[in-house]
Amino acid sequence: MNHWKKGTAVLTVAALTAALTAGCGGKGSSNSEETPGASATGTPVKPAAPVPLNVTLTGTGLPPPDADVIKQTLDKKLGIDLTLAPLQTLDDYTKQVRLRISAGNYPDLFQVSYAEMKEYADKGLLLDLTPYYGKELKPAADFVTSLSGELLKKASYNGKMYAIPRNGDAPFDAYWIRKDWLDKLGLKAPTTLDELLAVAKAFTENDPDGNGKKDTYGILGGEFATFASVLGAYGVSNPFAGAFYKQGDKLVNAFYDPNMPLALGAIKTLIDANVVDPEIMTNKSNEIQQKAFQGKGGIVNYPWTGFAKDEFIAQIKTVNPKAEWMTFDAPKGPAGQFDGAFDYDRPGRLLAIPKTLEKDKEKLQKVFDLINYVSSKEGNELVMYGIEGKHYTKQDGKYTLTDLMTKEGGYFSLYQFTGRPNESYLANKFPNQKEVSAYAANAKRIRLLDSSVIPPDGFNKADADRYAKEEMVKFVYGKRPLSEYPAFLKTLEETFKYKLYTDSAEKQLKEQGLLK
C-alpha cells in the first residue's frame, strides 16, 4: 500500500483557548499519591473504600475488568471503582439510557446528543456545570484536550453548561480505488465526473478481476455517502450527514441548494448505467468493507481506519494477494472539487452528569477527578497509549508502540472522554498509516455548520429526514422524475415544517456570530 497521496497534516480542531483542570488535588478531591498513614494519635487510618462510578456511552471491544488495564490504572490512581458500560449501536444506547432515566437509575456520567441534552435540561435532569467550571473543573498547565470557548458553546444551553464535550475527530473518510484493476485495464484514476463514469463502467463490464465472469460493480457504498464526492462536485453536501453550510456569506441548506437536482441527476446517471452496487441503500458498514475486500467493486468511499490499518491490509491480501487499493482525489465538477462535507466544529461526544449527583459530593468530585485526569498530559497519555514499558516506549518525545499495544489497545479510545490531540495521536498510534491519515484529514471538504443548530420546537427532524430520504431515493432510481423536485420541497415545508428549521438555523447562526 505505497500509493497513498501525501498531504500536510493540518487538522482543523477547535482552538485551544480554555481548559478544564488536569489535577486531582483540588477542592474536595482525593490525592491518590498519598499512602495510608496514621491519625494524630498514632492510630492507623483505614484506606478509604473506592468510590463506584458508572459511565455509559457508545462503543465496542471493552475487555473484562480483570483484563482492562486502563480501568485498573484509573481505579488505583483516583480511588474509584469504575464501571464503563459501552453499548454498540446508538439506537440500543438511546433506548437503554432512557429506560434507566425513567427508572431513576442514572449513570454517573453518560453520553447525550445535543437534542437530548436540551430535553433532559428542560426536565431538570442534568447538573448545571457552570458553577463548577473554573473551580472543581479549572484550567491547568498540563491540560491536553482543551475545551475551548467555541467547543463549550456546543455543550451549553440557555447560557448554562450541561455537558462535557470531547474534542472533534479529524475526517477519516477517503475515496479508494483498485489500482491493480486500473493497471490491468490500462486506465488512470478518474479526475472528472465523466471519467468516474467511464472507469466505473470498465470496472463493471470489462472483467477487471480476470475471472471470466461479469460479477463486479464499479462503485460500492452505503446510502448517499456513496456519492459524497459527486455531491461535492456540485458544491452540495449529503444532507443526511449535514445540511447547513455557507456559500460566501449566505447560509445554504443542501435541499434548497439549486445544484441539488443537478447532483441527483448525476447520481442517477451512474445508477442508470448499472455501475453501482444495487444494494447501496441497505448495505451496513461492515458489508461495504467486506464487499470491497472480496473484490465485488473497485471504487468506494470508506474511512481509512476500517480499510488501511495493518489488520485490514492483511485481510485484503488473504482474499486476493494481488489486490492493491489506493486513495484518489474527488472528481472535479461544475462547482469544484470537494471530498464530501465535514462538520469540523462538532464535538466528538457530549457527556452529562445527572442532577441527582449534586447531593453526593464525594462521588461528584470523583467524576470531576476522572474527567480532569484523562484530560491531563499524564492521564491522556494513559488513555491514548496504555502503560509505558508495556504498550509503548518513549524517547525524546517520540512514542514507539509495542506488539502488545496492537493486541490490547483497540478499546483504549473508549476512555478518551474529552478527546486527544488528533494529529500526534494518529501519527503515533498508526505510523504505517501516517500518510493516509494526513491525506484524509486534509482533503478539501464542504464545511458544515449543523453542530451549531438546534432543531426548534415544533419541528421533527427525524420525520423530515425520513421523508426526504425516501424521496431522494426515488429521484436517483427514477421512481420520481426530477421535475417534481419543487413539489418535494413544498411537501417538506408544508407537511414537515422544514422552513421553520431553516429560519431557526439562520437566526441561531447569526446569534453565534457564525453568519452575518
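**Figure 1. Helix α12 and the residue that follows it.** Just after α12, Gly386 adopts a positive phi of about 90 degrees. The view is taken from a predicted model, as are the other close-ups. Helix α12 spans residues 377-385 and is mostly covered, with seven of its nine residues buried. These buried residues are Gly379, Asn380, Glu381, Leu382, Val383, Met384 and Tyr385. Among the elements that cover them are the helices α1 (69-78), α11 (361-375), α13 (403-408) and α14 (422-429). The cover also includes the strands β15 (392-395) and β16 (398-401).

**Figure 2. The hairpin of β15 and β16.** The two strands pair in the antiparallel sense, over four bridges. Thr393 has Thr400, in β16, as its bridge partner. Two residues lie between the strands of this hairpin, in which Asp396 takes a positive phi near 55 degrees. Both strands also contribute to the covering of the buried residues of α12.

**Figure 3. The largest nonpolar core, centred on the surroundings of Phe255.** This core comprises 60 residues, and those with the most contacts inside it are Phe255, Leu270, Tyr485 and Phe488. Helix α8 (residues 260-272) gives the most to the core, contributing seven residues. When neighbours within four places in sequence are set aside, the contacts of Phe255 include Pro239, Phe240 and Met260. Further contacts of Phe255 include Ala468, Met472, Tyr485, Phe488, Leu489, Leu492 and Tyr498. A second core, separate from this one, has 37 residues, including Leu82, Met161, Met405 and Phe417. In soluble globular proteins, nonpolar side chains tend to be buried together.

**Figure 4. The salt bridge between Glu279 and Lys291.** The structure holds 26 salt bridges. In the one shown here, the closest N and O atoms of Glu279 and Lys291 are 2.4 Å apart. Glu279 belongs to the loop between α8 and α9 (285-293), whereas Lys291 lies in helix α9, so the pair ties together parts twelve residues apart in sequence. With 42% relative accessibility, Glu279 counts as partly exposed. Lys291, at 16% relative accessibility, counts as buried.

**Figure 5. The salt bridge between Asp345 and Arg447.** The closest N and O atoms of this pair are 3.3 Å apart. Asp345 is located in the loop between β13 (341-342) and β14 (349-352), and Arg447 in strand β17 (residues 446-447); the salt bridge therefore ties together parts that are 102 residues apart in sequence. Asp345 counts as partly exposed, at 29% relative accessibility. Arg447 likewise counts as partly exposed, at 37% relative accessibility.

**Figure 6. A salt bridge within helix α18, and a salt-bridge network.** The side chains of Lys499 and Asp503 meet in a salt bridge with an N to O distance of 3.1 Å. Both residues lie in helix α18 (residues 498-511), where they are four residues apart, about one turn of the helix. Lys499 is partly exposed, with a relative accessible area of 41%. Asp503 is also partly exposed, with a relative accessible area of 40%. Elsewhere, Glu471, Lys474, Arg480 and Glu484 are joined into one network by salt bridges that share partners.

Technical notes
Residues numbered from 1 in each chain as written. Predicted model: local features only at pLDDT ≥ 70, side-chain atom pairs only at ≥ 80, totals over all residues. Heavy atoms only, no water. Core = buried A, V, L, I, M, F, W, Y, C linked by side-chain atoms within 4.5 Å. Buried < 20%, exposed > 50% of the residue type's maximum accessible area, 1.4 Å probe, protein only. Contact = heavy atoms within 4.5 Å. Pairing = 2+ DSSP bridges. Salt bridge = Lys/Arg side-chain N within 4 Å of Asp/Glu carboxyl O.
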